[in-house]
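Trainee: I am new to this structure and would like a close look at a single part, followed from one residue outward to whatever surrounds it. Could you take me through it slowly?

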Amino acid sequence: MSERIIDPAAKGWATSWYEASARARIDGLLDAGSFREVVGPEQRRMSPHLPLFDLPRAFDDGMIVGPGRLDGKPVLVAAQEGRFMGGAFGEVHGAKLVGLLRAALVLKPDAVLILFDTGGVRLQEANAGETAIAEVMRAITQVREAGMPVIGLIGGRAGAYGGGGLIAGTCSRLVVSEGGRISVSGPEVIETNKGAEEFDSRDRALVWRTMGGKHRRLTGGADAYADDTLAAFRRAALDMIERAPAFDLATLEAEQARLEQRLTHFGDCRDATEIWARLGVNDPEAVPALTTAAFDTLLASLGETTHDAR
Amino acid sequence: MEKLTFRHTTQRALAGAKAQAITGVVASGNLEVLLERALPATECTVEIETPIRGYGEVWAAVVADFVARAQPGGLRITINDGGARPDTVSLRLLQGARLMEV
Amino acid sequence: MSGWHRERAARDARIEAGRAHAAGKVVTAAGVVALLEAILQPGDRVCLEGDNQKQADCLARGLSQCDPGRVHDLHMVQSGIVLAEHLDIFEQGIAKRLDYSYSGPQGGRIARMLYGGQIELGAVHTYLELFARYFVDLTPNVALIAGVSADLDGNLYTGPNTEDTPTVVEATAFKNGVVVAQVNEIVERVPRVDIPGDRIDFVVEADKPFYVEPLFTRDPAAMTETQILMAMMAIKGIYAEYGIRRLNHGIGFGTAAIELLLPTYAERLGLKGQIATHWALNPHPTLIPAIESGWVKQVHCFGSEVGMDRSIRERSDIFFTGADGSLRSNRAFCQTAGLYACDLFIGSTLQIDLAGHSSTVTQNRVAGFGGAPNMGSDPHGRRHPSDTWMKAGREAQVAGDPALMRGRKLVVQIVETFGEGLVPAFVERLDALELARKIGLELAPVMVYADDVTHIVTEEGIANLLLCRTADEREQAIRGVAGYTEIGRGRDRAMVERLRQRGIVRRPEDLGIEPLDADRSLLAARSIKDLVHWSGGLYEPPAKFRNW
């Protein structure tokens, strides 16, 4: 007779967002039992393209969507499974996200939450994937224009790269953790095109300085920094819904101005540590090693870095 | 892709009333298992789609052992395999059965 | 000319020829080729320090730039074939014959060159065995070694990665050989003297620091439920059962998972202080949680591990450190410790046959042995008893007068039934036999012989071979844990059930372990970052392991 030695129902031990599956993230993020998956795995709406390449398919094509509640508020949620095809956008995957955003215009939730974990477009379904990415960006602007914030949560293994990075750029607010990364071109692509001297993709400390969560938060490329736990992302998402900007001309003009300023202030910097020094960080080299608490203290001491420009 | 289907009869239906459950991820060395309470009480089917050809006998043995152990009567089980090892397959099937017993 | 000091005279002549390219003992990196051409004679036995971790890479590059017209037909005797240059010199005709121990990264190329006849092979050894022969019939004429720093007198600081150096220098310097050391820098005073200067003839200030590979770091993020289940079985079914205090872990995820389960799973079983207290082990980052939780009394190391220097310095109660504070490793002594002073070796493998012979050789790669056959063997020269050793000895119950019984060292092979690419780990016939035939080896490269293996742990269970009395029982015990491989599926089910009744085959359930409990939440650390936190920020992982 074997005794159970762990109690999966026990709360308290913090579950890593980075390690969690897309479904586990939704489960930890939303109010218990409130999520109703739409076009779920039992529908078997799978990729029509992958079998041509002898590649295995996923029942939900790596995109999980549906309504739920966040602290009682009605929200729509989309989560990418980063371990399936690197979370990349395929035809069905992309269509589900587009569909969710269009549904927001009808259902009018308090917010739409997108849990990014993607390397970009799925090469095997490139045309459909890229089309979907463009449709998502357009749909996000429509949702924001209708007054609903779109909050991006980024903290998975794949990060938010390629088209995912572009979509993140259209969100109202972004929450990022230390392990999360946001960019368009990936490290290997930069190295292949510009050489290892310019960017050594194997130097992971460099990759995270350039694209990682702490750097994005420090420069305002992300608006909130969360510890790598489901609980921390939940708190941050709730906070960001309250603080989403209006989607109007004033916001866009302010965004433009801040991006121009960022270029002026930091355009000649060769490394993120130089940027951080100019931001007023006393010991830039120590930033990657800072604990969440220490990093939060640093952010507070630097003053308001949240703004609308990414 | 290789498609395999196994049909079994069990002595009893799987406990619980859960209609469906899913476990695992389609990634290298892993697999996704969808379980649906969709069949008569003492029937069980396991359908597999896998990119690794030629392991039919191994799949048959793994499935047979799982059925004998978990008695998953009434379940339609569908698997998308990413090249998982047999013990990982057993583990996911048992995890899935447990999720369905709630 | 007759006489009893010819070697010494030859040595003096070499050194004088070399002095022409040196200022005192010091040679610039640019002068390496000229130095080597001056001191080397055709047919010399040369030890080019290719340890498991550190490499005398500046000297290796220099050697491969020598003129084969002047330097040729060398007999290379070295632990590791690791750098490309180690094999280039054979293609160039600079080297002809080879005696070595380990060739992991160069396994494929070495196999091709052996097959193609470009290398005349003496033998493949274990580390300790090769060191032993340095003092008998493979004494080097010239040793090309690597250290961290040297002073102008040639006193060497070899630091955390001391590894093989003292052994190589002992054999060479005291038998009329010439020793050349490459160092990262020449200093006024070394932090501690690992090798006294009168054993060093030339010091080269290398163009860049010597190469070290992080071989023993395993990312907890990559650990699977299967590896965790096997670790649980090993802890409960073997460590607890036999009371394993003194042990060596082979390299790999399987043993790293055991290390990460000590502060959690083993703690819950109440085993702290009773197991895993004294170690012969490289400084595995995955041992940090166990050390910080108070499980470990002390560790002796073969070498160091990239990123661990600071955390070792702060734990001088645990590790062997010099007066300067840094680690002092020593492969020869640590191998001896693993052989005689440990009651258990546990490591992974690639293939096991029906008798229990185990090998990591595949048809196209020769990885050599490293330390495994030495660690993974029962030393007949052992005399001191321990509870573990005696218990295992009673289980083996060899025929004869019980008053003349000996104990047995536990030699455990921990392996998943299917490896990379769904290749079965259990086979009828080892690939090693085919490779031996193909390249004309006298012995098949077996890593652990069947009569040394005491237990096999797979995800299906534990097979205790000590308790088997016939070859048939042994075969079925192995089949009984071989899972869904062809070997496993070919088992005699009735016989395996009987073996299970006798405790020869034990499944997780028999050990009171629920396979669904084998969950990553059991790991004391689930990421490299967690290990950094456990170490209080002292552990500095190499760049390739970072995600921050």
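Mentor: Let us begin with a definition: two residues are in contact if their C-beta atoms, placed from the backbone, lie within 7 Å. Please also keep in mind that this is a predicted model, and that the part I have chosen belongs to chain C, with C:Met76 as the starting point.

C:Met76 is found in strand β4 of chain C, which covers residues 74-80. Is C:Met76 buried or exposed? A residue is counted as buried if 20 or more other C-beta atoms lie within 10 Å of its own, and C:Met76, with 26 other C-beta atoms within 10 Å, is therefore buried. When its neighbours within four places in sequence are left aside, the residues in contact with C:Met76 are C:Val46, C:Leu48, C:Ala95 and C:Leu98. For a sense of distance along and across the chain, take C:Arg19, which is 57 residues from C:Met76 along the chain and whose C-alpha atom is separated from that of C:Met76 by 24 Å.

A second residue helps to fill in these surroundings, namely C:Pro140, which is 64 residues from C:Met76 in sequence and 8.6 Å from it in space, C-alpha to C-alpha. C:Pro140 sits in the loop between α6 and β7 (142-150) of chain C, and it counts as buried because 25 C-beta neighbours lie inside 10 Å. Again leaving aside neighbours within four places in sequence, C:Pro140 is in contact with C:Arg45, C:Val46, C:Cys47, C:Val77, C:Tyr134, C:Ala171, C:Thr172 and C:Gly177. C:Val46 is on this list, and C:Val46 is also among the contacts of C:Met76.

From these two residues we can step back to the domain around them. The domain assignment of chain C gives domain 1 as residues 12-212 and domain 2 as residues 220-529, and the C-alpha centres of these two domains lie 33 Å apart. Where they meet, 32 residues of domain 1 of chain C are in contact with 32 residues of domain 2 of chain C. On the domain 1 side, β5 (95-102), α5 (107-115), α6 (127-134) and α7 (165-173) of chain C each supply at least two residues. Which of these elements gives the most to that side? It is α5(C), with six residues. Sorted by class, the side of domain 1 of chain C that touches domain 2 of chain C has 14 nonpolar, 13 polar and five charged residues.

Across in domain 2, whose range is 220-529, there is a pair of helices that deserves the same patient reading. Two packed helices are described by the angle between their axes and the distance between the axes. Helix α8 (residues 225-242) of chain C and helix α9 (residues 253-268) of chain C pack at an angle of about 65°, with their axes 8 Å apart, and α8(C) and α9(C) are therefore roughly perpendicular to each other. The crossing in which α8(C) passes α9(C) is right-handed. In this contact, α8(C) brings C:Gln227, C:Ile228, C:Met230, C:Ala231, C:Met232, C:Ala234 and C:Ile235, and these meet C:Phe253, C:Gly254, C:Ala257, C:Ile258, C:Leu261, C:Tyr265 and C:Ala266 of α9(C). By class, the residues of the contact of α8(C) with α9(C) are 12 nonpolar, two polar and no charged.

Finally, chain C also has a neighbouring chain to consider, since 15 residues of chain C are in contact with 18 residues of chain A. The side of chain C that touches chain A is made up of three nonpolar, four polar and eight charged residues, whereas the contact of α8(C) with α9(C) has no charged residues. Chain A in turn meets chain B, in a contact that takes 13 residues from chain A and 14 residues from chain B, and the side of chain A that touches chain B divides into seven nonpolar, one polar and five charged residues.

To gather up the path we have followed, it began at the buried C:Met76 in strand β4 of chain C, passed through the buried C:Pro140, and then led outward to the contact between domain 1 and domain 2 of chain C and to the contact of chain C with chain A.

How values were computed:
Residues are numbered from 1 along each chain as its sequence is written. Chains are lettered from A and ligands numbered from 1 in the order in which they are written. This is a predicted model: local features need pLDDT of at least 70, side-chain atom pairs count only at pLDDT 80 or more; totals for chains, interfaces and linings use all residues. Helices (H or I, at least four residues) and strands (E, at least two) are DSSP runs, numbered from the N terminus. A residue is buried if 20 or more other C-beta atoms lie within 10 Å of its own, exposed if 12 or fewer, and partly exposed in between; C-beta atoms are placed from the backbone. Domain bounds come from an automatic or database domain assignment. Ala, Val, Leu, Ile, Met, Phe, Trp, Tyr, Cys and Pro count as nonpolar, Asp, Glu, Lys and Arg as charged, and the others, Gly among them, as polar. Axes are lines fitted to C-alpha atoms, for helices over the stretch in contact, and angles run from 0 to 180 degrees between N-to-C directions. Angles under 35 degrees count as roughly parallel, over 145 as roughly antiparallel, 65 to 115 as roughly perpendicular and the rest as oblique. A crossing is left-handed if the near helix is turned anticlockwise from the far one by less than a right angle, and right-handed if clockwise.
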